[in-house]
Amino acid sequence: MTLETIGKAVAHDSAELHVQGNATYIDDMREPDGTVHVAPSYAKLGARGKITKLDLSAVRNSAGVIAVLTAKDIPAKNDCSPTLGDDPIFAESEIQFHGQVIFAVVAKTRDIARRAALLATIEIAQETPAVTVHDALKEAKPDLLTPYAFKKGNVAKTIKSSTHRISGSFDIGGQEHFYLEGQIAFAIPGEQGAMLVHSSTQHPTEIQHSVAAMLGVDDAKITAECRRMGGGFGGKESQATQWACLAALAAHKTGRPAKCRLDRDDDMIMTGKRHDFHVEYAAAFDKTARITAVDVNLMARCGYSADLSNAICDRAMFHADNTYFYPAYNIATRRLKTNTVSNTAFRGFGGPQGILFAEQMMQAIAIRTGIDALEVRKRNLYARGRDVTPYGQKLRDNISADVIAQLEKTSSYAKRRKEIASYNNTSKILKKGLALTPVKFGISFTFTQMNQAGALVHVYADGSVHLNHGGTEMGQGLYVKVAQVVAQVFGIALEHVAITATTTGKVPNTSPTAASSGTDLNGMAAANAAKIIKDRMAAHAAKIWNVAKSKIVFANGKVKAGRKSMSFAELAKATKESKISLSSTGFYFTPEIHWDRATGTGMPFYYFAYGASCSEVLIDTMTGEMKVTRVDILHDVGRSLNPAIDIGQIEGGFVQGLGWLTTEELVYDAKGVLRTHAPSTYKIPCASDVPEDFRVALYKSKGNVMDTIYRSKAVGEPPLMLPISVWCAVMDAVSSIKPGVVPKLNAPATPENILRAVQSL
Amino acid sequence: MNALEFMRRGELVRIEKFAPDTMLLEYLRLTEKSKGTKEGCNEGDCGACTVVLGTPDNGRVRYQAVNACILLLSQIHGKELITVDDLARGGILHPVQQAMVDAHASQCGFCTPGFVMSLFSLAHENRKITRQDVVEQIAGNLCRCTGYRPIIDAGLAACDSADDHWHKAQAEMCTKLRAIQGDLFVGDAHSFFAAPSTSEALADLCATYPEATIVSGCTDVGLWINKQMRAQPKIIYTGAAQDFAQIVDHGDHLSIGAGATYEDAFEAFGKISPDLSGLLRRIGARQVRASGTIGGNIANGSPIGDMPPALIALGATLYLRHGKSERAMKLEDFFIAYGKQDRKPGELVWRIDVPKAKSNQIFNCAKITKRRDDDISAVMGAFLFTIENEKIVAARIAYGGMAGTPKRATKTEAALIGKTPQEAMHIVLDDFEPLSDMRASAEYRSTVANALLHKALMQAAGETDLQVHI
């Protein structure tokens, strides 16, 4: 087969629109006459307690206010939870976190609605909130969700009897998504109870379902649509729903189009974040630093409700091994309830925290034993005979040793290790650190039934193609990749494939665009739809030319059989005229995978994505300031569908993870109030945080060993964990002050946390 | 004049009625319905709303990127307004836009218009640019998707020069902008926007309307309006009075008009100390530095503003003006307590005189933040040591972030006298009892403030072989 579009560095389908400001986000849509605006609000004082007073009369009487909505206004179900039914759209009798929505103002303008919301009188019988993991552990209440563990061997005994052992504890901070486009939804009422909801969401089906359940109507009455998001990163997987419900409720109450767009501060206060964890562990190893047993407890701040915390904490467990073989283990998790916003999906979905634990442990063992950290890592890698994970999945595609070996060479690890040692010998205040860390990330939703997708493809009589599928575009380039797949199947130019907005009206019952699965699932579904149509067209061409169907080839905009040839458009027209359908749905589900959570065994992941990075840092031991001076990355995307898009995911994921591990710090005060709710106080990386010396390469792959779309690999989440090498390099730099002593470094490695680590020696 | 006037897409726009606290972004998106410019944070920290303003400058037009979300609509009086919607002409992308496409520099695309406009203004500086120039230019533009590398590449590819429509039309545009002249007053005594064109008129107006909000860059007042929802019915804008922004070099000291922006002051401050220009590069980002003023940073009394500690250490004198009467004070005396300054209603922060360090003086300053660029200080320290016969004979030390106001460390200053810098290194700073907040703990602030003192002493001791700062 000639490769026309697959593997090409094609630009993002909206690139030219982006640079002109012409790409339409929901707030850019022309508002129909009479559109109303919704501003949700909450109790400014209080994070936990009964609502003792709710006086909204001044809000109602404010000029320009059309309605004030509370729980009483909801026709059916007051819930927007993705799982357990524990996320009220409006708090009714009590609040469980600071920022929980109690009412919403509907007004002629957004400005009027926001000003009016300030006039509410709300009183809370304030109880002391459980804010941190440590607070939650102190409260004698059951955990939010049942603890869960993977266990094998007599871990306690192995550790106790080992001459070489290590223990440690550290905190891993959460992370605000900081999608540049804040949460927004725009609901337009239709006939006979129908409603079209434009939502900036990764999960249109859930928007559809939650709005229908709230209004007490059939799902079929509600259509949820999303052309593009201005970033998602997991923050719009389950937590776009509440705002869509509010817009829909306002539209339902007023009969007018209604828009709900959160102010940035409200967005940061009212929506969940990456889970922060407290980690405690002990491990035993042999005299070569090879691990013999690991006992770890990963304790997560889930917030006030379940949201996706169960699956997130599970994924932390699934990644607590990273690329390393543990002969005996107790990988335990606690899922703790706090009076904070419900933490949610964020790129990596618990995986980053699990891997950070594994890498902290490797770094600590290296510091303790005096063996170079890279050598410790290599000795512990999965290998033949040591290739079964703590969840019973045997690795079939393990390339971590090769990825590491290649990067070690191209990054000149050994040479720089020596240079850094000599620099540190002479530099009194500033110290350098170096670390090379691998990543192995499991691809598939661990809730197995979610690994399915649908697509809808039409071929028009002029040979142009309409493409629709269940995946959403949040900037990751899913739309263009799937369009490349369809163009490839039909052998036509990419420009003839029209990309269209994701809508529940075209493809139903979809899974969220999450778990890095977008291209794997939707690419296959769209390819299947296209192949069905192509098969019909091929059959028709075979009939016209009186040749075997197997002789028909689609390539370069033409359909050929030997010397016979016509354009794709000509065949489309001929097929239509012969009363044959040129439209098809396509469906796909991931084969082979299975998972039994009760026994903790199965094959939850179809395959793994691998990568490694090597980072060098410079720290100031008097102030804790830090600079990343060089980063080398080698990452495996299988056979790349689009190298430009894939490199973009790798670099972008790296920098986002860099923020999580360095500058991004969520600070809650003792009252449970988030103090970092704007970019003035919450610092995501900016351009100067990216090292000038930043070398990124794709691993030369022969293709995914599993039968994925054109043998590519998922790339959305795995790169987020590459900057763990930066954090480990900071540990390396700090430990140079006092070799043999493991510094106590928490994540993020802010200047303050780095200085504390220095002081801990 | 009684109407707002500015140039937009080659045409003069005239607006006679508007709420004085209308923000430019609000005007663009809701009134003009130009949707290219995005709202990311509505507080001037993400840059998604970046637009470019053209100001007449010696027959040319000076193009500067600013944040439309924290800029009053009326601040563009007499300027040319360019937004991302304007750049492509006749279906052809602007070179900056094309470079962004070619470099795969957009993913979700929401921040992209802001980056395009920041790079557009850099291109119009028409100089050979380096990677560092691009990085500095876009430090105030946040992107959550790309990791910046492709955006930096696009900047390097397209920003060395701008041979575009705007460059070619500069002289003509300059003439049109120059024609918009005179004192502006729109509204009535109950609700108005006023922009006097001379400092004398400005001082008079402030005295006449002591209850009015005096706005310079609006980088702080913008937050009162957008986030605290505080209505500002009467606004006196200082930015139209060019003589209010003058910087005069008197040889032994600089005299800085309160209306001088950080950008305006950059070169002059560089003459005092490279540390000072280094500090300026880390205050806000270019959008904020193009708008924010030295005087505004003093007048708002922020305990974490970066300029006051540096200026206090240098021994700056502050001049205040009420109508025709002027008074002077040491800058440190202006800051009485948190939220309280020695400024009467109707009185203007007028001018700051900053002595240059003498040959026997060593000045340095440093700021500590979570993120290097565009972040507010946890601690900022500034140090001026006068050294004679290897001994410290005078010391001026001021900190930000350590108290409710920018403040001198007088106890420590006294303790240093008569010691060599090496001898002074055992002295522990204990002038302050800082607070814990989201930027740092009290403990960290104390430790690091002390570290900055010791680093300053090391530098004063001439330990040149020692790398003291990253």
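Student: What covers the buried residues of H2(B)?

Tutor: A good way to read a helix is to ask which residues face inwards and then what sits over them. This is a predicted model, and here the cover of the buried residues of H2(B) includes helix H1 (15-20) of chain A, together with H3 and H5 of chain B.

Student: Which residues of H2(B) are buried?

Tutor: They are Pro95(B), Val96(B), Gln97(B), Ala99(B) and Met100(B). Look just past the helix as well: H2(B) is followed by His104(B), whose phi is positive, near 55°.

Student: How many residues of chain B are in contact with chain A?

Tutor: For an interface, start with the counts on each side, then turn to the elements. In this model 63 residues of chain B are in contact with 68 residues of chain A. On the chain B side, the elements that give two or more residues are helix H2 (95-102), helix H3 (112-123), helix H4 (131-137), helix H5 (149-158) and helix H18 (442-460). H18(B) gives the largest share, five residues. By class, that side of chain B divides into 32 nonpolar, 15 polar and 16 charged residues.

Student: And how does the domain assignment divide chain B?

Tutor: It gives domain 1 (4-178), domain 2 (244-355) and domain 3 (361-460). To place domains in space, compare their centres: the C-alpha centres of domain 1 and domain 3 of chain B lie 39 Å apart.

Student: Let's move to chain A. At what angle do the axes of H10(A) and H11(A) cross?

Tutor: For a helix pair, read the distance, the angle and the handedness in turn. The axes of H10 (residues 351-369) and H11 (residues 373-380) of chain A come within 8 Å and cross at roughly 120°. The two helices are therefore oblique to each other, and their crossing is right-handed.

Student: Which residues of H10(A) and H11(A) meet there?

Tutor: From H10(A) come Met362(A), Gln363(A), Ile365(A) and Ala366(A), and they meet Ala373(A), Val376(A), Arg377(A) and Asn380(A) of H11(A). Sorted by class, this contact has five nonpolar, two polar and one charged residues.

Student: I also look for unusual backbone angles. Where does Phe178(A) lie?

Tutor: Phe178(A) lies in the loop between strand S8 (164-172) and strand S9 (184-189) of chain A. Its phi is positive, about 45°, although Phe178(A) is not a glycine. Asp307(A) also has a positive phi of about 45° without being a glycine, and its place is the loop between strand S14 (291-303) and helix H9 (309-318) of chain A.

Student: Is Asp307(A) buried or exposed?

Tutor: Count the C-beta neighbours; 20 or more within 10 Å make a residue buried. Asp307(A) has 27 others within 10 Å, so it is buried. Phe178(A) is buried too, with 25.

Student: Which peptide bond is cis?

Tutor: Check omega. A cis bond joins Ala747(A) and Pro748(A), with omega about 0°. Pro748(A) is found in the loop between helix H18 (724-735) and helix H19 (751-759) of chain A.

Student: Last one: what does Asp520(A) touch?

Tutor: Begin with its setting. Asp520(A) is found in helix H15 (residues 518-545) of chain A, and it counts as buried because 27 C-beta neighbours lie inside 10 Å. Leaving out residues up to four places away in sequence, Asp520(A) touches Ile443(A), Thr708(A), Ile709(A) and Ala714(A). Sequence and space can then be read side by side: Asp520(A) and Met622(A) are 102 residues apart in sequence and 48 Å apart in space, C-alpha to C-alpha.

Technical notes
Residues numbered from 1 in each chain as written. Chains lettered and ligands numbered in written order. Predicted model: local features only at pLDDT ≥ 70, side-chain atom pairs only at ≥ 80, totals over all residues. Domains from an automatic or database assignment. Helix = DSSP H or I, 4+ residues; strand = E, 2+ residues; numbered from the N terminus. Buried ≥ 20, exposed ≤ 12 C-beta atoms within 10 Å, placed from the backbone. Contact = placed C-beta atoms within 7 Å. Nonpolar A, V, L, I, M, F, W, Y, C, P; charged D, E, K, R; others polar. Axes fitted to C-alpha atoms, helices over the stretch in contact; angles between N-to-C directions. Parallel < 35°, antiparallel > 145°, perpendicular 65-115°, else oblique. Left-handed = near helix turned anticlockwise from the far one by under 90°.
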